[in-house]
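Please open the model in a viewer and keep the sequence panel visible. The tour proceeds by selection, and each stop states what is to be found there.

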Amino acid sequence: MAGEHASASRTALATDAPRRRVIVVPIIHDADGAVLICRMPKNRGVFPGQWGLPGGGLEPGERIDDAVHRETEEELGLRVRDLRPLFFKDAVRLKTYADGSTEMLHMVFLIYSCDVEPLEVAPEPRLNEEFDAFAWASREALRDFELNAATVETFRSVGLLVD
């Protein structure tokens, strides 16, 4: 009897847990050392209206490096090179979709550093609907943007922001 109760509790916990998504997050540097940041529209995303790093979900069966390349091309129209894995972290976040619906997600973030292809190969970013603005920001200029909490934490972890 006790074993049945324990099994039922594990099942209930598993069904109540937020859906897990693995998210690739590139910190993209240009030739001058500036970092690409993007602003989410006010009505969608995990941090609506705030500046942060681009990135997106790993597709089923997709390799991680391939996802970094795909996401930067889809969201920004850019090609990146010299991918260097930095660290991973996770968080439970509420995501708002374009139709106004929301979903609680357990997001596992895989943080990469990479360089953008030279401008003669890849033009300035062309944003898709996931962002409404972008900026190439120097270390000093990053404080001038309303960065979301996750991006602030990430930039502190890699030394781009210091207190």
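Select Arg-19, which is partly exposed because its relative accessible area is 41%; buried means under 20%, exposed over 50%, and partly exposed in between, with a 1.4 Å probe and protein chains only. The model is predicted, so local features need pLDDT of at least 70 and side-chain atom pairs count only at pLDDT 80 or more, while totals for chains, interfaces and linings use all residues. Residues are numbered from 1 along each chain as its sequence is written, and side-chain values use heavy atoms, with hydrogens and water left out.

Now add Glu-103 to the selection. Arg-19 and Glu-103 form a salt bridge in which the closest N and O atoms are 2.8 Å apart; the term denotes a side-chain nitrogen of Lys or Arg within 4 Å of a carboxyl oxygen of Asp or Glu. Because Arg-19 belongs to strand 1 (residues 19-29) and Glu-103 to strand 6, this pair ties together parts that are 84 residues apart in sequence. Helices (H or I, at least four residues) and strands (E, at least two) are DSSP runs, numbered from the N terminus. Glu-103 is partly exposed, at 22% relative accessibility.

How many salt bridges does a search of the whole structure find? The search finds nine. For another, select Arg-70 and Glu-59, whose closest N and O atoms are 4.0 Å apart. Arg-70 lies in helix 2 (residues 64-76) and Glu-59 in the loop between strand 4 (56-57) and helix 2, so the bridge joins parts eleven residues apart in sequence. Extend the selection to Glu-62, Glu-71 and Glu-74: together with Glu-59 and Arg-70, these residues are linked in a network of salt bridges.

Move next to Asp-82, in strand 5 (residues 80-96). Asp-82 forms a salt bridge with Arg-81, with 3.9 Å between the closest N and O atoms. Both partners are partly exposed, Arg-81 at 35% and Asp-82 at 44% relative accessibility. The backbone also deserves attention here. Most residues other than glycine have a negative phi. Asp-82 is not a glycine, yet has a positive phi of about 55°.

Then select Val-92, Leu-94 and Met-104, which make a nonpolar surface patch of about 260 Å². Patches consist of residues with over 30% relative accessible area and no salt bridge, like charges being joined within 9 Å and nonpolar side chains (Val, Leu, Ile, Met, Phe, Trp, Tyr) within 5 Å. Met-104 is found in strand 6 (residues 102-116) and is partly exposed, at 41% relative accessibility.

For the interior, select Ile-27, Ile-37, Phe-109, Leu-142, Leu-147 and Phe-155, the residues with the most contacts inside the largest nonpolar core, which has 24 residues. Such a core is a set of buried Ala, Val, Leu, Ile, Met, Phe, Trp, Tyr and Cys residues joined through side-chain atoms within 4.5 Å. Strand 1, strand 2 (35-39), strand 6, strand 7 (133-137) and helix 3 (149-157) each supply at least two of its residues; strand 6 gives the most, with four. Apart from this core lies another, of 16 residues, among them Val-24, Val-80, Val-116 and Phe-131.

Finally, select Cys-38 and Cys-114. Both are buried, since Cys-38 has a relative accessible area of 0% and Cys-114 is likewise at 0%. The structure holds zero disulfides, a disulfide being a pair of cysteine sulfur atoms within 2.5 Å.

How values were computed:
Accessible areas come from the Shrake-Rupley method with a 1.4 Å probe; for residues, only the protein chains shown count as cover.
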